[in-house]
Amino acid sequence: MSKLAPLALVSVLVCLASFGFFGKTGKAASTATPTPADAQTQNVVAATTAFLNSLTTTQHERVQFAFTAEKTATAAKFSRAAMGGKQGGPGGGGPANGPGNDSAMRRANPAQQPRPRPGNGRGTEGGHRGGPGMGPPGGFVGEQYGQAVWSNYPVSDVPRPGLALGNLSIAQRDAAMHLLQVALSSKGYQKILDIMGSDEALSKTGTPYCSGTACYTIGIFGQPSTTKPWMLEFGGHHLGLNLTMAGEHGVITPTLTGAQPAVYTSNGKTVRVLAEENDKAFALLNALDESERKQAILNYRVDDLVTGPGHAGETIQPEGLKAAAMNEKQRAMLLDVISEWAGIINDAYATPRMAEIKAGLDETYFAWSGPTTHEPGRNGTSYYRIQGPKLMIEFSPQGVGGDPTMHVHTMYRDPTNDYGRAFTNNSN
Amino acid sequence: MKTRLSTLIAILSLGLPVFAHRLDEYLQAMIVSVEQGRIQVSMRLIPGVAVSSAVIAAVDSNGDGAFSEAEQQTYAQEVLGDLRLSVDGHALKPRLRGVSFPAPADMKEGLGEIHIEFDADLRAGGPHRTLVIENHHEPRMSVYLMNSLVPQDPNIRVTAQNRNQNQSYFRLDYAQADPQQNSFLSLWRSRLVTRLAAFEGVPSMFRLGMRHIAEGTDHLLFLIALLLPAPLLAVRSHWAGAGSIRQSVVQVVRVVSAFTIGHSATLALGAWGLVSLPSRVVEVLIAFSILVSAVHALRPLFPGREPAIAAGFGLVHGLAFATTLGNLGVGPWQRVASILGFNLGIETMQLVVVISILPSLIILSRTAAYTVFRLGGALLAGFASLGWIIERLFGGPDFVDGFVDCIAQRGVWIAISLLVISIVLWLRRHAQSNRGIFSEQPSDQTLEGI
């Protein structure tokens with residue numbers, strides 16, 4: 001971090017000067033006492049700016065979109081409000097004011113970058129929305145927030161907004177990967193490389209769709225800023241990483257990770273993707289005593305993610321073993337499992353996030369479905385879920401006509417703060 | 001090369017061609033949200049590649065390669081028909097709220113999600129309730145997920161969840177903490193608000209109004225308490241024998257019309273947002289009006305002034321809904337049309353109830369048994385209303401609702417048996433009087449009440 005600081009500072013200054021924000025933001029920066037998170041935000045902004053600066057004008061236009069802080073994370077689903085619920089009023093009005101306003105806003109002039117407009121969020125789905133009061137046509141198997149889209153489907157089926165790595169020069173691609181490296185922890189960055197490697201391995205078998213590294217797409221929503229909210233989305237077939245930045249806060253909920261094949265060989269080395277997620281959870285299960293295990297293990301099969309793409313803002317009734325009933329060692333193990341997701345992001349943001357999760361640990365549930373053992377060196381076939389007041393993790397081996405130990409989807413959400421809503425929506 | 005080979009081996013070990021998404025299953029995921037008096041369900045149906053042709057064929061009944069609006073509706077109704085929903089053992093009727101289908105081409109690729117949204121009304125119930133959902137749609141190729149959202153209403157708390165192994169059966173036990181919230185009136189209020197917000201048109205509101213009376217125990221009880229003494233003449237502080245049939249009918253018509261006018265007045269005012277009273281006050285007042293009517297059926301409190309009193313009570317009953325209609329999203333005229341439809345439904349059903357029990361009352365009032373019947377009915381209504389008053393004031397146990405509900409559910413049978421009994425009793429009395437002195441006049445003297 002300290003190595004990057006001078007570079008970051010220079011980049012930030014260049015960026016600010018070029019966008020004409022120098023006077024305003026410069027003053028703010030000089031008066032605030034920088035925290036580790038503030039410094040990290042500066043690093044991320046600098047790396048993002050460096051990436052943007054590496055692009056041509058046309059590329060730039062394709063990679064950057066307006067950031068819209070939606071009141072609720074809308075998704076490929078029906079609007080509940082239109083179904084007669086009290087909150088939200090008539091939910092239909094979306095489509096009319098969507099495409100017009102917001103595509104016009106689409107970074108025509110960076111100096112006039114729009115502020116987040118929380119109240120007007122619903123209208124921004126653009127062409128994806130269906131009839132009044134409904135979500136997009138049923139074919140859409142992703143989740144949309146403002147103009148950002150992610151999914152557990154290949155990029156060729158559900159296009160992500162932004163630029164695919166395959167369309168970047170080596171230098172530009174390096175800048176994009178460097179940005180991820182700065183934004184994430186070293187462990188998180190490695191995880192993403194492993195996932196991309198798995199998709200690359202899959203694509204080499206000749207998939208009829210776009211799954212390899214070249215299809216991984218990066219999109220920037222809003223203007224990289226140390227004070228105002230903006231968003232970075234990076235994803236491909238088995239990754240949907242949504243990083244929302246808001247001043248000293250960095251949030252990566254919702255994020256989807258996955259792997260197929262879950263075990264592959266790269267440069268003569270065997271890589272098992274999401275291995276820690278699997279192994280640590282089995283270790284926790286086996287550290288439970290008989291009665292605790294009985295509480296944790298559900299008596300039914302869970303064959304898919306419950307809160308996958310399109311389920312933003314839903315909090316399902318929790319089940320399983322409450323962490324309040326666990327001993328200290330088990331609780332530590334549970335936190336360790338959680339850190340596999342919460343720790344994808346850089347430590348400066350992960351530390352407060354873990355503290356928040358720890359604070360709600362008593363009310364956090366661990367639920368399991370499937371066998372209690374797994375073959376060493378392989379992922380298991382068991383589904384598990386960790387659900388707390390500010391947390392939802394699902395680990396779901398996919399049995400879709402194949403070997404579930406080789407194919408997994410996972411989901412990481414914060415029902416109270418997906419897309420950093422808690423930090424971006426209080427200005428209305 | 002080695003990398004690639006081992007990757008291939010790893011992948012071939014799957015035993016099947018590699019696809020990224022659902023392959024040979026039809027995923028059906030259901031999310032339920034439980035509210036006071038209603039459940040909302042959101043269903044997502046995702047056919048995998050191997051089964052998508054079967055699903056496409058099922059939807060596209062005319063085989064033209066497109067999903068028409070009618071085909072979508074039909075398929076969604078079929079899905080709903082394959083569900084079994086119940087609360088506390090009573091079957092629920094799902095009401096389709098919305099559908100959305102992918103393009104057939106996307107669905108063929110295993111990329112399509114069908115969305116179906118529906119809801120269902122729940123009858124009023126006790127503090128502990130059990131919701132059961134079974135999904136029998138395409139059992140041979142499907143994978144099921146069923147979950148409940150954490151209820152938005154803080155008064156509803158899920159106490160247990162049970163599923164069978166493949167989640168085609170889901171049982172949700174929940175507690176409704178506040179009996180006040182669980183009362184019949186609040187249930188109907190939320191129902192009315194929901195329908196108004198959705199603006200489903202006047203006919204739908206008309207049916208809702210009819211249902212309100214058919215299920216509305218306190219309304220029915222009030223009506224019956226009012227009607228009990230209607231065929232009788234008050235003599236000083238006692239109910240004497242029956243008046244003429246004409247007198248009885250006129251009296252009933254006056255009472256019912258007066259009530260209707262009062263009821264309509266406050267409902268209309270409420271629709272315009274001009275009146276509003278705390279709902280607890282209104283609910284207690286309604287219970288009190290039943291108590292007064294019951295006492296009046298025991299001993300005349302306001303002989304000859306029944307229509308005026310009925311109009312006053314009508315005003316109070318109308319307030320029960322007026323309190324919540326003020327600030328709904330629909331336009332004022334839509335609201336008024338809806339209210340009018342609802343009100344017409346109420347009046348129609350009221351008329352049905354009156355017509356079905358009035359003959360019995362008139363016949364019965366010419367027999368000795370009427371005194372017993374009147375006293376019994378009045379005491380029943382009196383105790384029920386006392387129970388309601390206590391319950392609504394202090395939030396006590398809601399045994400009254402359950403008890404009265406139990407009677408009201410058998411309303412049709414009670415009305416029929418009442419008619420049969422009254423005819424039998426009247427024939428017997430007629431036979432007796434024929435055997436004795438031939439008298440044209442019914443011997444009213446024997447019917448003197450207390």
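Start by selecting chain B of this predicted model: of its 450 residues, 45% count as buried. Colour chain B by secondary structure and you should find 14 helices and 12 strands. Contacts in chain B with a separation of 6 or more are 78% between residues 24 or more positions apart.

Next, select residues 279-298 of chain B, which form helix α9. At 1.5 Å a residue, its 20 residues should span 28 Å, and the end C-alpha atoms lie 29 Å apart, so the two figures agree. Now show what surrounds α9(B): 14 of its 20 residues are buried, so the helix is largely enclosed by the rest of the structure.

Keep α9(B) on screen and add residues 217-227 of chain B, helix α7. The two axes come within 8 Å and cross at roughly 25 degrees. Angles under 35 degrees count as roughly parallel, and α7(B) and α9(B) are therefore roughly parallel to each other. The crossing of α7(B) past α9(B) is left-handed.

Show side chains where the two helices touch. From α7(B), pick Asp218(B), Leu221(B), Phe222(B), Ala225(B) and Leu226(B). From α9(B), pick Ile286(B), Ser289(B), Ile290(B), Ser293(B), Ala294(B) and Ala297(B). Coloured by class, this contact shows eight nonpolar, two polar and one charged residues.

Finally, move to chain A. Its secondary structure comes to 12 helices and 16 strands, and 56% of its 428 residues count as buried. Of the contacts in chain A between residues at least 6 apart in sequence, 69% join residues at least 24 apart.

Conventions
Residues are numbered from 1 along each chain as its sequence is written. Chains are lettered from A and ligands numbered from 1 in the order in which they are written. This is a predicted model: local features need pLDDT of at least 70, side-chain atom pairs count only at pLDDT 80 or more; totals for chains, interfaces and linings use all residues. Helices (H or I, at least four residues) and strands (E, at least two) are DSSP runs, numbered from the N terminus. The expected span of a helix is 1.5 Å times one less than its number of residues. A residue is buried if 20 or more other C-beta atoms lie within 10 Å of its own, exposed if 12 or fewer, and partly exposed in between; C-beta atoms are placed from the backbone. Two residues are in contact if their C-beta atoms, placed from the backbone, lie within 7 Å. Axes are lines fitted to C-alpha atoms, for helices over the stretch in contact, and angles run from 0 to 180 degrees between N-to-C directions. Angles under 35 degrees count as roughly parallel, over 145 as roughly antiparallel, 65 to 115 as roughly perpendicular and the rest as oblique. A crossing is left-handed if the near helix is turned anticlockwise from the far one by less than a right angle, and right-handed if clockwise. Ala, Val, Leu, Ile, Met, Phe, Trp, Tyr, Cys and Pro count as nonpolar, Asp, Glu, Lys and Arg as charged, and the others, Gly among them, as polar.
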